[in-house]
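Biologist: I am new to this structure and would like a close look at a single part of it. Please choose one strand and describe what surrounds it.

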Amino acid sequence: MPRIEFYVLSSSDQASRLLAACKLAMKGWRAGMPVFLRCQDETQARELDDLLWRFKADAFIPHDLAASDPRAPVVIGRDEEPAATQGLLVNLQPDISPHVERFARVIEIVNQDPPLLAACRNNFLLYRKRGYDPRRVEL
């Protein structure tokens, strides 16, 4: 059963969520975990792909879009089934991934945007109903 965590940001802007996703991807990759970044749409996936190239000047994070290389150490996708198992899922979508059980760890990034906050609260309750023990982490 995966460990579920909700990382709560104090801001409401999208840029902070994407930056947090990059930091988590780097941390997961450096820990030896395969990472899947689950984006809301193609635009967000491309934005995250670009940000991973430039967010940290002194680091390289090997990544690719799921359509190009589903076996990259860090995969950026949407609802594709992950090629690797027991990795880290960073969820940027407002709903729960259909592939939660394929991961050892799931991180939902929450900000203070009211619609996203409501969706994440709902996800927290859904995880509990499914038998998970989700945790809240303040950033």
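Modeller: Two strands are taken as paired if DSSP finds at least two bridges between them. The model is a predicted one, and the strand chosen here is β5, residues 87-91.

On one side, β5 is joined to β6, residues 103-110, by five bridges, and the two strands run parallel. Two positions show how they face each other: leucine 89 stands opposite valine 106 in β6, and valine 90 stands opposite isoleucine 107 in β6. In a regular strand, side chains alternate between the two faces of the sheet.

β5 is also joined to β2, residues 35-38, again in parallel, this time by four bridges. Here valine 35 has leucine 88 of β5 as its bridge partner.

These pairings belong to an open sheet of seven strands, paired in parallel, in the order β3-β4-β2-β5-β6-β1-β7. β3 (63-65) and β7 (135-138) are the edge strands; each has a single partner, so one side of each is left without a neighbour in the sheet. From one strand to the next, the twist averages 20°.

How many residues of β5 are buried? Five of its five residues are, so β5 is largely enclosed by the rest of the structure. Buried here means under 20% relative accessible area.

Helix α2, residues 42-54, also has a buried position to show: it contains glutamine 44. With a relative accessibility of 4%, glutamine 44 counts as buried. Leaving aside residues up to four places away in sequence, glutamine 44 touches Gln14, Arg17, Leu18, Cys39 and Leu92.

Back at β6, the partner of β5, another helix comes in. α3 lies across β1, β6 and β7, and runs at about 150° to β6. This helix also helps to form the largest pocket, giving the most to its lining with four residues. The pocket has a volume of about 160 Å³, and the elements that give two or more residues to its lining are β1 (3-8) and α3 (114-129). The lining consists of Phe6, Val8, Val110, Gln112, Leu117, Cys120, Arg121, Phe124 and Arg136. By type, these lining residues are six nonpolar, one polar and two charged.

To sum up, β5 stands between β2 and β6 in the strand order, and five of its five residues are buried.

Terms used:
Residues numbered from 1 in each chain as written. Predicted model: local features only at pLDDT ≥ 70, side-chain atom pairs only at ≥ 80, totals over all residues. Heavy atoms only, no water. 1 Å grid on protein atoms, 1.4 Å probe; cavity = no way out; pocket = protein on both sides within 12 Å on 5 of 7 lines; lining within 4 Å. Points joined across faces, edges and corners; volume = space filled by probe spheres on them. Nonpolar A, V, L, I, M, F, W, Y, C, P; charged D, E, K, R; others polar. Axes fitted to C-alpha atoms, helices over the stretch in contact; angles between N-to-C directions. Contact = heavy atoms within 4.5 Å. Buried < 20%, exposed > 50% of the residue type's maximum accessible area, 1.4 Å probe, protein only.
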